[in-house]
Amino acid sequence: MDGQQGRQRPESGKNLIKIPSYQEVFGTTSSSSSYSAPTSYNPPLPAAAAAAAAAAAAPSSSSSFSEAFSFLKSSEFYSPPPAPPQPSTAPRPPVAGPSTAASQSKNAILVSNRQKGNPLLKHIRNARWTFADIVPDYVIGQSSCALYISLRYHLLHPDYLYYRIRELQKNFKLRVILCHIDIEDVVKPLHEVTRTSLLHDCTLLCGWSLEECGRYLETIKVFENKPADSIREHTDSDYMSRFTHALTSIRRVNKTDVITLGSSFGSLSRIMDASMEELARCPGIGERKVKRLYDTFHEPFKRVMPRPNLVVPDTPDREKANGTPDAAEKPGASNNKKGSDVKSALTAAFAKYSEKIRSQGRDAANDAGEGTSISTMEGDKTKQLD
């Protein structure tokens, strides 16, 4: 058994790595101290490993750590390290400043620097925001912006909103006026803000608190890229749902009447072609519903209104030229004036206009007479002097 273990010991040394001792690495021994390091166990190694170990075991003052462990590169457990990354010669992009980074951020609300200190910013919690050098107060999308104003500030500076809207020009499709109502008497200032918003094609949103104003900005930003399907009316695609939706749009017709008409006629085309007598035979449908159904399907979509024939009355000058008496000389003229207000108003207007023309003619004639008299007097004076 001992002989067999002695024979097997050299074979087990193939998988062992020799670790050099402290003296082998640094090649120095302490002669002054009596302590001697214990000899390490060195099993027999293969020929290549033994040669490398023998070369490394030779003590020399110039041996280094890498030279001592250089034999590991020839073992089967060594793998070369990855190559270091090559330095790129491309120029590095310039570092963007705070304003440039804010302008490139698409997921944040851009806030103008003039809004610093506004307590509204504390209530914008569900959307990111950052300061930027922009014209409007808030940029809440690629083509939407918002201007903030309070009614208290509007009373102090009535022209502020007009000049701010003029600065926007036509750079945004959606322009929101976010008005904070912070006073009690809101009738007159709110009327002015509404008028300015409508005249400049802006959308007015009124908030009675700063939390509500912040919620408006968050909602517009969250729904920036979403379609309008969430606010559209949802109708089912089956025939019965559309049939019910079409008939219930007529006044006084409910879903029970729709079921009755559908079971009696079978389709919408037959209901449209039915007469009033046939519609009246359906149970639960009275005279008013029958009349509304019949009128809805048989009246034209565009109502043709007859144009009234407006008769322009003659002026008093024309009546005198034609030999007809004035309205004041006609018997019963007062009763006719009371009956037709439009006619009397037009007659009075034409009378004032003709009187004005006559007065202008008289003034011109008087001026001409005075001019001739002055010229004759000057001629007489010159004759006397001669």
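This note goes through the predicted model in numbered points, from overall confidence to the sheet, the cores and the cysteines.

1. Confidence. The model is predicted, and its mean pLDDT is 74, with 62% of the residues at 70 or more. Residues 1-8 have pLDDT below 50, and this stretch makes 0 contacts beyond near neighbours in sequence. Residues 93-104 are also below 50, and that stretch has 6 such contacts in the model. Where pLDDT is low, the predicted coordinates should not be read in detail.

2. Overall content. The protein has 386 residues, of which 23% are buried. Its secondary structure consists of 17 helices and 6 strands. The exposed surface comes to about 29300 Å², and carbon and sulfur atoms supply 55% of that area. Among contacts with a separation of 6 or more, 60% join residues 24 or more positions apart.

3. The sheet. How are the strands ordered in the open sheet? The order of its 6 strands is β2-β1-β3-β4-β5-β6, and the pairing is mixed. The edges are taken by β2 and β6 (203-207); each has a single partner strand, so one side of each has no neighbour in the sheet.

4. Strand β1 and its partners. Strand β1 covers residues 108-112, and 5 of its 5 residues are buried, so the rest of the structure largely encloses this strand. With β2 (residues 128-132), β1 pairs in the parallel sense over 5 bridges; in this pairing isoleucine 109 has tryptophan 129 of β2 as its bridge partner. With β3 (residues 138-139), β1 runs antiparallel, and 2 bridges join the two strands. Here leucine 110 is matched with valine 139 of β3.

5. The β5 and β6 end. Strands β5 and β6 are parallel to each other, with 5 bridges between them. One of the bridge partners is glycine 207 in β6, which is matched with histidine 180.

6. The largest nonpolar core. This core holds 20 residues, and those with the most contacts inside it are Leu151, Leu161, Ile165, Ile177, Cys179, Ile181 and Val193. Strands β4 (144-150) and β5 (174-180) and helices α7 (160-168) and α8 (187-199) each give two or more residues to it. A separate core of 16 residues includes Leu120, Ile140, Leu178 and Leu210. In soluble globular proteins, nonpolar side chains tend to be buried together.

7. Isoleucine 177 as an example. Which residues does isoleucine 177 touch, leaving aside neighbours within four places in sequence? Its contacts are Leu147, Ile149, Leu161, Ile165, Val193, Ser197, Cys202, Thr203, Leu204 and Leu205. Of these, Leu161, Ile165 and Val193 are listed with isoleucine 177 among the residues with the most contacts inside the largest core.

8. Cysteines. A search of the whole structure finds 0 disulfides. For cysteine 179, the nearest cysteine sulfur belongs to cysteine 206 and is 4.9 Å away. Why does cysteine 213 form no bond with cysteine 179? The sulfur of cysteine 179 is the closest cysteine sulfur to that of cysteine 213, but the distance is 8.0 Å, which is too far for a bond. Cysteine 179 is buried, with a relative accessible area of 0%. Cysteine 213 is likewise buried, at 0% relative accessibility.

Key. Residues are numbered from 1 along each chain as its sequence is written. This is a predicted model: local features need pLDDT of at least 70, side-chain atom pairs count only at pLDDT 80 or more; totals for chains, interfaces and linings use all residues. Side-chain values use heavy atoms; hydrogens and water are left out. pLDDT is the predictor's confidence in each residue, from 0 to 100. Contact means heavy atoms within 4.5 Å. Helices (H or I, at least four residues) and strands (E, at least two) are DSSP runs, numbered from the N terminus. Buried means under 20% relative accessible area, exposed over 50%, partly exposed in between (1.4 Å probe, protein chains only). Accessible areas come from the Shrake-Rupley method with a 1.4 Å probe; for residues, only the protein chains shown count as cover. Two strands pair if DSSP finds at least two bridges between them. A nonpolar core is a set of buried Ala, Val, Leu, Ile, Met, Phe, Trp, Tyr and Cys residues joined through side-chain atoms within 4.5 Å. A disulfide is a pair of cysteine sulfur atoms within 2.5 Å.
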